[in-house]
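Student: Please pick one part of this structure and go through it with me closely. Then connect it to whatever else helps me build a picture.

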Amino acid sequence: GSCKKAGLLLWRKLMPIVPYDQREGFIWLNGQLVPWGDARVHVLTHGLHYASAVFEGMRAYDGQIFKLTEHNQRLHESAKILDFEIPYSVAELDKAAREVLRANKLADAYVRPIAWRGSEQMGVAAQATKINLAVAAWDWGSYFDPAARTKGLRLKIAHYRRPDPRTAPAKSKAAGLYMICTIEKHRAEREGYADALMLDWRGQIAESTGANIFFVKDGVLHTPLPDCFLDGITRRTVIGLAKQRGLKVIERAILPEEMADFSECFITGTAAEVTPVSEIGPYRFAIGDITRNLMDDYSALVHRAKAGTAKIAAVG
């Protein structure tokens with residue numbers, strides 16, 4: 001109720017808010033490291049006006065970027081879907097991300113590559129635009145309020161829905177696809193929720209605003225088939241970890257009313273990692289053994305060098 005809403009708002013206020021254009025360090029921009037404040041683009045940039053941009057989100061743990069190459073491969077694939085080609089190879093992007101981490105003296109960090117159409121042309125047509133690419137990294141702890149994460153997140157059911165893949169480039173991590181996510185996350189937070197659950201255009205469960213979702217019923221994992229949203233890298237990793245534990249994983253269409261029969265729920269993503277959910281609209285979930293075990297397994301995997309768990313295979 002009002003106490004939960006007040007707690008969420010207080011957490012937001014207490015978070016250190018330093019504008020991202022005023023931070024210290026270095027950003028890799030179009031082939032070279034530049035001082036953070038010098039990594040700028042003109043206001044008349046196609047990527048800003050027409051959302052002709054694709055990006056990735058990665059996390060570094062103990063100085064190693066988890067699934068680095070896989071993320072940069074997906075960045076290239078996203079760009080192709082948006083009809084442009086990134087002028088740097090996957091190997092060059094891998095190297096750039098590591099350089100950014102070292103230059104900013106970060107061991108545990110969030111890493112953000114982004115590619116966008118430049119300022120050479122303004123209008124819907126953009127064949128003459130140069131493709132720009134930047135890689136930044138910063139210290140970013142828990143994506144959600146740590147207290148809420150411990151108790152399980154409360155999600156609201158969103159108004160907007162994930163679009164039919166015939167109407168949007170759903171397989172691309174395109175900037176424009178997140179517009180409705182921002183709207184819905186704001187709507188949820190104003191009402192004291194941590195996030196929102198988005199349905200797809202058919203009314204089936206899709207994902208949260210920035211993470212994939214899993215449910216547990218009778219010891220079996222159920223997760224929506226990613227036919228109109230990203231098949232997340234963390235999602236695939238967690239499916240692999242679940243199978244290592246001998247758990248059955250069913251990818252299928254899931255209707256909202258089925259949530260009444262699920263005992264556990266959690267979301268997965270680079271930023272969210274593995275985060276339990278306690279409530280979605282009128283439905284309630286426990287933080288059970290399967291959720292806890294997968295949280296531990298994921299933590300052990302990403303920290304495997306430090307934790308001495310190299311025997312765990314990098315699944316996904």
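Tutor: Let's start with one strand, then move on to rings and a cavity.

A bit of housekeeping: this is a predicted model, where local features need pLDDT of at least 70 and side-chain atom pairs count only at pLDDT 80 or more, while totals for chains, interfaces and linings use all residues. Residues are numbered from 1 along each chain as its sequence is written, and side-chain values use heavy atoms, with hydrogens and water left out.

Our part is strand β7, residues 131-138. Strands here are DSSP runs of E with at least two residues, helices are runs of H or I with at least four, and both are numbered from the N terminus. Eight of the eight residues of β7 are buried, so the rest of the structure largely encloses this strand. Buried means under 20% relative accessible area, with a 1.4 Å probe and protein chains only. Look at the two faces: I131, L133, V135 and A137 are on one side, N132, A134, A136 and W138 are on the other, and all are buried.

Now for the neighbours of β7. Strands pair if DSSP finds at least two bridges between them. Strand β6 (residues 109-117) is joined to β7 by eight bridges, and the two run antiparallel. Within that pairing, R112 has A136 of β7 as its bridge partner. Strand β1 (residues 26-29) is also antiparallel to β7, with two bridges. Here W28 stands opposite V135.

W138 takes us from the strand to the rings, as Y20, Y110, W138 and W140 form one aromatic cluster. Rings of Phe, Tyr and Trp (its six-membered ring) pair if their centres lie within 6.5 Å; planes under 30 degrees apart count as stacked, over 60 as edge-to-face and the rest as tilted. One ring of the cluster has a charge for company: R23 lies over the face of Y20, at 3.7 Å from the ring centre. For that, NZ of Lys or CZ of Arg must be within 6 Å of the ring centre and within 35 degrees of the ring normal. Elsewhere, R154 lies over the face of Y193, at 4.4 Å from the ring centre.

The whole structure has ten aromatic pairs. Among them, F215 and F262 have ring centres 4.7 Å apart and planes at 20°, so this pair is stacked. F215 sits in strand β11 and F262 in the loop between β13 and β14, so the pair ties together parts 47 residues apart in sequence. Both F215 and F262 are buried. F215 also forms a tilted pair with F285, at 6.0 Å centre to centre and 50° between the planes. That pair links parts of the chain 70 residues apart, and F285 is buried as well as F215.

Finally, there's some empty space to look at. A search of the whole structure finds two cavities of 30 Å³ or more. A cavity is a set of points on a 1 Å grid over the protein atoms alone where a 1.4 Å probe fits but cannot get out, and lining residues have an atom within 4 Å of a point. The largest cavity has a volume of about 50 Å³, volume being the space filled by probe spheres set on the points. Its lining includes M58, R59, Y61 and F66. β4 gives the most to this lining, with three residues.

Technical notes. Buried means under 20% relative accessible area, exposed over 50%, partly exposed in between (1.4 Å probe, protein chains only). On a 1 Å grid over the protein atoms alone, a cavity is a set of points where a 1.4 Å probe fits but cannot get out, and a pocket is an open set with protein on both sides within 12 Å along at least five of seven lines; lining residues have an atom within 4 Å of a point.
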